[in-house]
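Biologist: I should like to learn how to read the main features of this model, beginning with its contacts. Please show it to me.

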Amino acid sequence: MARCPFAVWMEISGSSGSYTSGPFKIVHHTTEGSSAEGAFGAFRANRSDPHFTVDSSKIYQHIDTGRAARALRNAAGGVQTNRDSAIQIEVVGFAHRPKVMATLKNVQKLCNWLEAEHGIPKVWPNGLPKPAVNGHDPGGHNRNAANWDNKGGHYGHSQVPENTHWDPGYTATEAAFVIADAATESIYIEALETIPLEEGPDFATEVSTMPDHCGGYAAAPAAGEAGPRAKPKVSARRTSTPARGSGRTAAKAGRSSARKSSASKSKSGSKSKSTRSQSSAGKSSARKRSAARRPATKTSKKTRKIAGRKNGAKGATKRAAARASNMAKSSRRKSQDR
Ligand SMILES: [Zn+2]
């Protein structure tokens, strides 16, 4: 039905079939990795493609929005998941980490387009997705199946019936930001300070605290979603993919995120004015200037205040990363093929 005019078209495994019911909804995932290239490898290996993958510099489209994607688990019986008019977006990043401004701006732009194209309301019918607690699944997700079946809007993977993953782990601000109208910024500017401008130096080596995402579900083909022609292909791909995939993908992942973190730094300043109201843009560029010349030497009172907040957030992020890195040591080997 539709290809996004500003997305890079990149078919991987194809669709899981036609939709069986509606209304249109948008499902937000995190890739649980630090690069789009790494995610593509996982989609290829597991046939778990979303419609879109979004990072800080690009929006990739893998499946036409008129056909079903395949990143959700669909149990026998119950409601349809992938095929319930669910347009799926994989956001490059981790459920347990703060998302990056440049990436969320791309998600927002894509959501704005999808909402207009498919008449999707700017609401979260099962409530806001829940963010991580101490870097882990907060539990208690609302996966109301009647809402899912009957109400258009936005859902986290964590809010889809028959599913157990807890991505994307958006904070309330992140959840409000991705559904905000890009032309008329509706997020309270102070709240935006909690969204980091950059991925951070440890992003490329970060390890998911949900290592089975992008593989756990699709590895065992879900009942009734992949057409009969899909199965033989799965085994054919499996034998060839891991051998040439894993090493190269990991190397690429490192290079690509290094490139991206410098790219987002230089890009964000020029983009901000077009997507925010004037007063927001002013404050926001002050914030960006302070970030650009960190550590700050000469700063206005306002900038210092903002920088203080940023450093606080950064400290928290570092602490979280340190915790994650400790946990990662034990699970790194297991998740390296992602
Ligand atoms: Zn997911």
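Modeller: This is a predicted model. Residues 24 or more positions apart along the chain account for 75% of the contacts in the protein with a separation of 6 or more. Of the 338 residues, 43% are buried.

Biologist: How many helices and strands does the protein have?

Modeller: There are 9 helices and 6 strands.

Biologist: In what order do the strands form the sheet?

Modeller: In general, strands of a sheet pair through backbone hydrogen bonds, either parallel or antiparallel. Here 6 strands form an open sheet, in the order β1-β4-β3-β5-β2-β6, and the pairing is mixed. The edge strands are β1 and β6, each of which pairs on one side only.

Biologist: How many bridges join β3 to β4, and do these strands run parallel or antiparallel?

Modeller: The two strands run antiparallel, and 3 bridges join them. As an example, Phe52 has Gln61 in β4 as its bridge partner.

Biologist: Let us turn to the interior. Which residues touch the most other members of the largest nonpolar core?

Modeller: The general idea is that nonpolar side chains tend to be buried together in soluble globular proteins. In this model the largest nonpolar core has 43 residues, and Ile89 and Val107 touch the most other members. Two or more residues are given to this core by each of β2 (25-30), α1 (36-46), β3 (52-54), β5 (86-91), α2 (101-118) and α4 (172-179). The largest share, 7 residues, comes from α2. Apart from this core lies another, of 5 residues, including Phe94, Ala95, Ala132 and Trp166.

Biologist: With which residues is Ile89 in contact, leaving aside its neighbours within four places in sequence?

Modeller: The contacts of Ile89 outside that range are Ile26, Val27, His28, His29, Pro50, His51, Phe52, Val54, Val107 and Leu110. The list thus includes Val107, the residue named with Ile89 for touching the most other core members. Phe52, also in the list, is the residue whose bridge partner is Gln61.

Biologist: I should next like to consider the backbone. Which peptide bonds leading to Pro23 and Pro168 are cis?

Modeller: The omega angle is the value to read. The bond from Gly22 to Pro23 is cis, with omega near -5 degrees, and Pro23 is found in the loop between β1 (8-9) and β2. The bond from Asp167 to Pro168 is also cis, with omega near 10 degrees. Pro168 has its place in the loop between β6 (153-156) and α4.

Biologist: What is phi of Ser85, and where does this residue lie?

Modeller: Phi of Ser85 is near 50 degrees, a positive value in a residue other than glycine. Ser85 lies in the loop between β4 (59-61) and β5. Asn134 likewise has phi near 50 degrees and is not glycine; its place is the loop between α2 and α3 (145-150).

Biologist: Why does Ser85 count as partly exposed, and why does Asn134 count as exposed?

Modeller: One counts the other C-beta atoms within 10 Å: 20 or more make a residue buried, and 12 or fewer make it exposed. Ser85 has 19, and is therefore partly exposed. Asn134 has 9 such neighbours, so it counts as exposed.

Biologist: Where is Ala191, and how far is its C-alpha atom from that of Ala176?

Modeller: Ala191 is in helix α5 (residues 189-192). Its C-alpha atom is separated by 10.0 Å from that of Ala176, and the two residues are 15 apart along the chain. Ala191 counts as partly exposed because it has 14 C-beta neighbours inside 10 Å.

Note on methods. Residues numbered from 1 in each chain as written. Predicted model: local features only at pLDDT ≥ 70, side-chain atom pairs only at ≥ 80, totals over all residues. Core = buried A, V, L, I, M, F, W, Y, C linked by C-beta atoms within 7 Å. Helix = DSSP H or I, 4+ residues; strand = E, 2+ residues; numbered from the N terminus. Contact = placed C-beta atoms within 7 Å. Pairing = 2+ DSSP bridges.
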